[in-house]
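User: Please take a close look at one part of this model, the sheet, and describe how it is put together and what surrounds it. After that, set the helical part beside it in the same detail.

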Amino acid sequence: MDQLERDLLNNLQGGFPICAHPFQVLAERLGYSEDVLIEGVQQLIAKGYISRFGPLFNTEKLGGAVSLAAMAVPPERFDAVADQVNSFEEVAHNYERDDRLNMWFVVLASDEIALVNVLAEISRETGLEVLNFPKEQEYFLELKLEVPE
């Protein structure tokens, strides 16, 4: 990992400028050009250091619905089912767990009815039961991981 990548990772986690040209503000702070920073973020994604860069919205405060869902997927079908689940635009991400319920994913929808419909459609498409675990309470945990020199 080079210095630019470390600088980006250490400065993209919280406190990102909210303005018309946030990369220009960050570039001035860090001593790079705006174009170098934008290309640097693209390279972080391409190299797999980060999976995405973008805002997190509180779906419920915007009038939508969000839930965590889980499935017990036969290991030999895991990749194919993951592709099916990921094909739904309402699925934010999914991940594998070492448990009977081995696939977990987050679903964001326009409202509760749409959310239930998406979960039902995933179940129909995969032929597997989808368990819905709606949020009962929300906690905010700010996690910032410092990349050392």
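Analyst: What follows goes through the sheet strand by strand and then turns to the helices at the start of the chain. The model is a predicted one.

The sheet is open and consists of four strands in the order S2-S3-S1-S4, with antiparallel pairing. S2 and S4 are the edge strands; each has a single partner, so one side of each lacks a neighbour in the sheet. On average, neighbouring strands are turned by 25° against each other, direction ignored. As a general point, strands of a sheet pair through backbone hydrogen bonds, in either a parallel or an antiparallel way.

Strand S3 covers residues 103–109, and six of its seven residues are buried, so the rest of the structure largely encloses S3. S3 pairs with two strands. With S1 (residues 65–71) the pairing is antiparallel and runs over seven bridges; within this pair, Ala-70 stands opposite Trp-104 of S3. With S2 (residues 91–96) the pairing is again antiparallel, over five bridges. Here Glu-96 is placed opposite Met-103 of S3. S2 and S3 also make up a hairpin, with six residues lying between the two strands.

On its other side, S1 pairs with S4 in the antiparallel sense over four bridges, and Ser-67 stands opposite Pro-134 of S4. Helix H4 (residues 78–86) packs on the sheet and touches S1, S2 and S3, its direction making about 165° with that of S2.

Ser-67 deserves a separate look. This residue belongs to strand S1, and its relative accessibility of 6% places Ser-67 among the buried residues, for which the cut-off is under 20%. Its side chain reaches the backbone oxygen of Phe-133 at 3.3 Å. Apart from neighbours within four places in sequence, Ser-67 is in contact with Phe-105, Val-106 and Val-107, and also with Leu-115, Asn-132, Phe-133 and Pro-134.

A second residue to consider here is Leu-128, in the loop that runs between helix H5 (112–126) and strand S4 (131–134). Although Leu-128 lies in a loop, a relative accessibility of 13% makes Leu-128 count as buried. Neighbours within four places in sequence aside, the contacts of Leu-128 are Met-71, Ala-72, Val-73, Pro-74, Arg-77, Val-81 and Ser-123. Among these contacts is Met-71, and S1 is the strand of residues 65–71.

The helices at the start of the chain come next. Leu-128 gives a sense of the distance: its C-alpha atom is 42 Å from that of Arg-6, and the two residues are 122 apart along the chain. Arg-6 is one of the buried residues of helix H1.

H1 spans residues 3–11 and is mostly covered, with eight of its nine residues buried. The buried set consists of Leu-4, Glu-5, Arg-6, Asp-7, Leu-8, Leu-9, Asn-10 and Asn-11. H2 and H3 are included in what covers them. At the N-terminal end, Asp-2 caps H1, with a side-chain oxygen 3.2 Å from the backbone nitrogen of Leu-4.

The packing of H1 against H3 has an angle of about 90° and an axis separation of 10 Å. That makes the two helices, H1 and H3, roughly perpendicular. H1 contributes Leu-4, Glu-5, Leu-8 and Leu-9 to the contact, and H3 contributes Val-36, Leu-37, Gly-40, Val-41 and Leu-44. By class, the residues in the contact of H1 with H3 are seven nonpolar, one polar and one charged.

Glu-5 takes part in this contact and counts as buried, at 5% relative accessibility. The side chains of Glu-5 and Lys-47 are joined by a polar contact of 2.6 Å. Beyond neighbours within four places in sequence, Glu-5 is in contact with Leu-44 and Tyr-49 as well as with Lys-47.

H3 (residues 34–46) also meets H2 (residues 22–30): their axes come within 8 Å and cross at roughly 105°. H2 is thus roughly perpendicular to H3. From H2 the residues are Phe-23, Gln-24, Leu-26 and Ala-27, and these meet Glu-34, Leu-37, Ile-38 and Val-41 in H3. The contact of H2 with H3 comprises six nonpolar residues, one polar and one charged. Leu-37 and Val-41 of H3 are listed in the contact with H2 and also in the contact with H1.

Methods:
Residues are numbered from 1 along each chain as its sequence is written. This is a predicted model: local features need pLDDT of at least 70, side-chain atom pairs count only at pLDDT 80 or more; totals for chains, interfaces and linings use all residues. Side-chain values use heavy atoms; hydrogens and water are left out. Buried means under 20% relative accessible area, exposed over 50%, partly exposed in between (1.4 Å probe, protein chains only). Two strands pair if DSSP finds at least two bridges between them. Axes are lines fitted to C-alpha atoms, for helices over the stretch in contact, and angles run from 0 to 180 degrees between N-to-C directions. Angles under 35 degrees count as roughly parallel, over 145 as roughly antiparallel, 65 to 115 as roughly perpendicular and the rest as oblique. Contact means heavy atoms within 4.5 Å. Ala, Val, Leu, Ile, Met, Phe, Trp, Tyr, Cys and Pro count as nonpolar, Asp, Glu, Lys and Arg as charged, and the others, Gly among them, as polar. A polar contact is a pair of N or O atoms within 3.5 Å; within protein, one must be able to donate a hydrogen and the other to accept it, and residues adjacent in sequence count only if both atoms are side-chain atoms.
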